[in-house]
Amino acid sequence: MASIFTSSIGKKLIQSISGMFLIAFLLLHGTINFFSVIDTFTGKYGAADGLYQLGCDFMATPIVTLMVPVLALGFVIHILWGMWLSYGNLKARGGFKRYEVASKAKADSWASKNMLVLGMVVLLGVALHLTDFWAKMQLQEFLGKHAENPYDLMDATFGRWWLSALYIAWFVLLWLHLNHGFWSMFQTIGWNNMIWIKRLKCIGLFASTVIIFLFVATAVNAFLQANMWI
């Protein structure tokens, strides 16, 4: 068991598994947030029976309440573990490179060489998001207090253009992280031949773009709603 935490392959395996939690967490979170965009087109934005409100209520159910912290923990482990691996390689090699997998599909993209920086930025974005949303909704319910209205909270956060721009910039960097990390995750578990790597890069590009689109669309829609443009 100790070799999992000390061997090169074991460390990368932990990073890959925690990356799956990251993708699952973002997909679930992004989908529920996107319900607010659908509410805009159905005329139920801000309504008690709006999809977004129902999604938030679903997130408060016991089974999800237990599941989300597990996914979130995997998210945090992925970022912190990746930063630790990247720092270890930076220190050992004297260069700013991420943890590498020796294969024919070795990446030479900017994202692959700057995963430590991306990890730090993503972690800071998570802290911002927890402050703006989680602390005012899920945490309040956990403490037995009244949670803020999700639509009002969305408008209050994304209604400020500079904060929306900051979030969107964070989403772009998160997209870079996901786009590289998706295929790298499968490469670590052995899908590293040239044929599959090409396919996984295409799938990863599509999957990461869809996930980030959900978040960007939510932010833009909330900004327009808050400023009464739609």
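Below are legends for a handful of close-up views of this predicted model.

Residue numbers start at 1 in each chain, following the sequence as written, and side-chain values rest on heavy atoms, with hydrogens and water left out. Since we're looking at a prediction, local features need pLDDT of at least 70 and side-chain atom pairs count only at pLDDT 80 or more, while totals for chains, interfaces and linings use all residues.

**View 1. The whole chain comes first, and it's helices throughout: 10 helices and zero strands.**
Helices here are DSSP runs of H or I with at least four residues, strands are E runs of at least two, and both are numbered from the N terminus. Going along the sequence, the pattern reads α-α-α-α-α-α-α-α-α-α. Of the 230 residues, 43% are buried (buried is under 20% relative accessible area, exposed is over 50%, and partly exposed is in between, with a 1.4 Å probe and protein chains only). Take the contacts (heavy atoms within 4.5 Å) between residues at least 6 apart in sequence, and 70% of them join residues at least 24 apart. The chain exposes about 12,300 Å², with carbon and sulfur atoms supplying 73% of that; accessible areas come from the Shrake-Rupley method with a 1.4 Å probe, and for residues only the protein chains shown count as cover.

**View 2. Leu26 and Phe75 have the most contacts inside the largest nonpolar core, a set of 31 residues.**
A nonpolar core is a set of buried Ala, Val, Leu, Ile, Met, Phe, Trp, Tyr and Cys residues joined through side-chain atoms within 4.5 Å. Elements giving two or more residues to this core include helix H2 (8-42), helix H4 (62-93) and helix H10 (194-226). The biggest giver is H9, with six residues. Setting aside residues up to four places away in sequence, Leu26 touches Phe75, Leu174, Leu178, Ile211 and Phe215.

**View 3. Trp170 sits in helix H9 and packs against a run of small and valine residues: Val121, Val122, Gly125 and Val126.**
That list leaves out neighbours within four places in sequence. Trp170 counts as buried because its relative accessibility is 12%. Its C-alpha atom is 9.5 Å from that of Val126, and the two residues are 44 apart along the chain.

**View 4. Thr157 is found in helix H8.**
With a relative accessible area of 2%, Thr157 is buried. Beyond residues up to four places away in sequence, Thr157 touches Asp132, Phe133, Leu163 and Tyr167.

**View 5. Trp161, Trp162 and Leu166 make a nonpolar patch on the surface.**
Together they offer about 400 Å² of accessible area. Patches take residues with over 30% relative accessible area and no salt bridge, joining like charges within 9 Å and nonpolar side chains (Val, Leu, Ile, Met, Phe, Trp, Tyr) within 5 Å. Trp162 belongs to helix H9 (residues 161-188), and at 45% relative accessibility it's partly exposed.

**View 6. Lys44 and Asp49 form a salt bridge, with their closest N and O atoms 3.4 Å apart.**
A salt bridge needs a side-chain nitrogen of Lys or Arg within 4 Å of a carboxyl oxygen of Asp or Glu. Searching the whole structure turns up one salt bridge. Lys44 is partly exposed at 34% relative accessibility, and Asp49 is partly exposed at 44%.

**View 7. Cys56 and Cys202 appear in a structure with zero disulfides.**
A disulfide would be a pair of cysteine sulfur atoms within 2.5 Å. Cys56 is buried at 16% relative accessible area, whereas Cys202 is exposed at 53%.
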